[in-house]
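Subject: The structure I promised you

Hi,

Here is the structure we talked about. Have a look at it first, and then read on.

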Amino acid sequence: MTTSFGPNGTPVELSAGPYRATVFPVGATLAALTRDGRHVVLPLAEDTVPHAYTGKVLMPWPNRTTGGRYSFEGTDYQVPVNEPETAMALHGLVCWNEWEVADSAQDRVVLKHRLMGQPGYPFPLELEAVYTLDADTGLSVELAARNAGTSAAPYGVSTHPYLTADLAPVDRCVLEVPAARVLGTVDQPGRPLDLSELQDVAGSPLEFTSDEPIGSRTADHAYAGLPDGEWQVRLTDPETGIGSVLSADGKSAPWLQIYSGEQMGRLGVAAEPMTCPPDAFNSGEGLIVLAPGEEHRLGFRIAGI
């Protein structure tokens with residue numbers, strides 16, 4: 001008997017008040033979020049492999065690791081390089097794995113995945129992604145990892161939603177990013193990322209405030225200097241007042257990647273709350289070291305405007 005199945009697993013549909021969401025088990029992916037029928041994140045087709053990491057959970061590291069190489073507790077490791085143009089290992093190891101739907105209800109789904117030890121990352125982790133819809137506050141997301149092994153494990157986490165103002169062109173939208181500093185992009189393949197290159201964002205083309213539309217400006221940068229308490233990234237279409245907002249806490253997510261969505265036709269902006277900067281496995285900056293049995297959790301919210 002031959003069984004056919006799609007690239008994303010069986011979708012899970014959630015609803016609460018004016019909100020609807022779709023979650024794919026592969027990559028624990030946020031595939032859609034709407035409020036009153038208007039898109040809050042860029043939607044994904046069920047039968048298409050997601051492009052540009054749309055909606056994916058990024059574990060056990062977010063962003064890039066230079067050359068896929070790092071050292072941890074005196075041992076050198078090599079993980080696969082999956083971004084050939086920069087010679088980087090991008091966005092962890094679980095984006096294309098199918099997660100188990102451990103529990104589900106009309107407004108909530110719990111997905112779990114066992115990341116087994118493997119060459120380059122021999123640290124078994126128990127992973128969890130919880131999506132919960134609320135009629136008033138929108139979508140809450142909690143991402144968790146527990147070290148299931150017998151030795152310490154390096155770890156970082158993020159996610160890759162594309163905020164959208166109901167598919168309005170990014171050029172006419174206003175983007176608000178509450179960060180004081182920004183880190184440059186990788187301009188030479190295999191060049192280590194240097195935290196000394198953090199610069200003040202004020203007055204630069206990478207400063208996004210409510211004062212003017214994005215226009216033709218582009219970004220694929222990591223931001224720091226976020227508020228210690230709750231911070232928000234807002235994308236709004238001034239012609240309609242429609243938009244989306246991502247909220248996180250500066251103590252648990254002190255870094256933020258912003259990407260202006262060229263690979264997605266500039267219909268949405270990726271806003272990725274991160275526990276650590278790019279290349280944290282090498283710099284150690286913001287790196288979480290999970291002791292055996294230790295657990296880490298990151299929470300954030302996405303809502304429509």
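Below is what turned up, going from the whole chain to the pockets and then to a few single residues.

One thing to keep in mind throughout is that this is a predicted model.

**The chain as a whole**

If you go looking for helices, you won't be busy for long: the protein chain has one helix, against 26 strands. Its radius of gyration comes out at 19 Å, and the globule rule for 305 residues gives 19 Å too, so the chain is as compact as a globular protein of that length. Laid along its principal axes, the C-alpha trace spans about 55 × 55 × 35 Å.

How much of the chain is buried? Of its 305 residues, 53% are. The chain exposes about 12700 Å², with carbon and sulfur atoms supplying 48% of that area. Contacts also reach a long way along the sequence: among those between residues at least 6 apart, 66% join residues at least 24 apart.

**The pockets**

The largest pocket has a volume of about 530 Å³. Two elements give two or more residues to its lining, β20 (220-224) and β23 (255-259). The largest share, three residues, comes from β20. The lining has 28 residues in total, and R64, E83, L90, D220 and Q263 are the ones that lie nearest the pocket's centre. Sorted by class, that lining holds twelve nonpolar, eleven polar and five charged residues.

The second largest pocket has a volume of about 160 Å³. Which residues line this second largest pocket? They are K112, H113, R114, E126, L127, E128, A144, A145, R146, E295 and R297. Four strands each give two or more residues here: β11 (108-115), β12 (125-134), β13 (138-147) and β26 (295-304). By class, this lining has three nonpolar residues, one polar and seven charged.

**Backbone oddities**

Three spots are worth a click. To begin with, the peptide bond from M59 to P60 is cis, with omega near 0°. P60 sits in the loop between β5 (57-58) and β6 (64-66).

The other two have a positive phi without being glycines. H91 has a phi of about 65° and is in the loop between β9 (88-90) and β10 (100-105). D166 has a phi of about 55° and belongs to the loop between β16 (162-163) and β17 (174-176). Are H91 and D166 buried or exposed? H91 has a relative accessible area of 4%, under the 20% cut-off, so it counts as buried. D166, at 29% relative accessibility, counts as partly exposed, because that value is between the 20% and 50% limits.

**Three buried residues and their neighbours**

L115 is in strand β11 and is buried, with a relative accessible area of 2%. Here you meet P60 of the cis bond again: L115 and P60 are 55 residues apart in sequence, yet 9.0 Å apart in space from C-alpha to C-alpha. Not counting residues up to four places away in sequence, L115 touches P60, L93, V94, Y121, F123, P124, L125 and L127. One of these, L127, also lines the second largest pocket.

W99 is in the loop between β9 and β10, the loop that holds H91 as well. W99 is buried, at a relative accessible area of 2%. What does W99 contact, leaving aside neighbours within four places in sequence? The list is P25, G27, A28, V57, M59, V94, L111, K112, H113, L127, E128 and A129. K112, H113, L127 and E128 are also among the lining residues of the second largest pocket. For a sense of the distances along the chain, W99 and G9 are 90 residues apart in sequence and 8.9 Å apart in space, C-alpha to C-alpha.

Finally, T54 is placed in the loop between β4 (38-39) and β5. T54 is buried too, at 1% relative accessibility. Leaving aside neighbours within four places in sequence, T54 is in contact with T29, L42, L44, H160, Y162 and M264.

If you open the model with one place in mind, try the M59 to P60 bond and then step across to L115, which touches P60.

Cheers

Key: Residues numbered from 1 in each chain as written. Predicted model: local features only at pLDDT ≥ 70, side-chain atom pairs only at ≥ 80, totals over all residues. Heavy atoms only, no water. 1 Å grid on protein atoms, 1.4 Å probe; cavity = no way out; pocket = protein on both sides within 12 Å on 5 of 7 lines; lining within 4 Å. Points joined across faces, edges and corners; volume = space filled by probe spheres on them. Nonpolar A, V, L, I, M, F, W, Y, C, P; charged D, E, K, R; others polar. Rg over C-alpha atoms; globule rule 2.2 N^0.38 Å. Buried < 20%, exposed > 50% of the residue type's maximum accessible area, 1.4 Å probe, protein only. Contact = heavy atoms within 4.5 Å. Areas by Shrake-Rupley, 256 points an atom, 1.4 Å probe, with all protein chains shown as cover.
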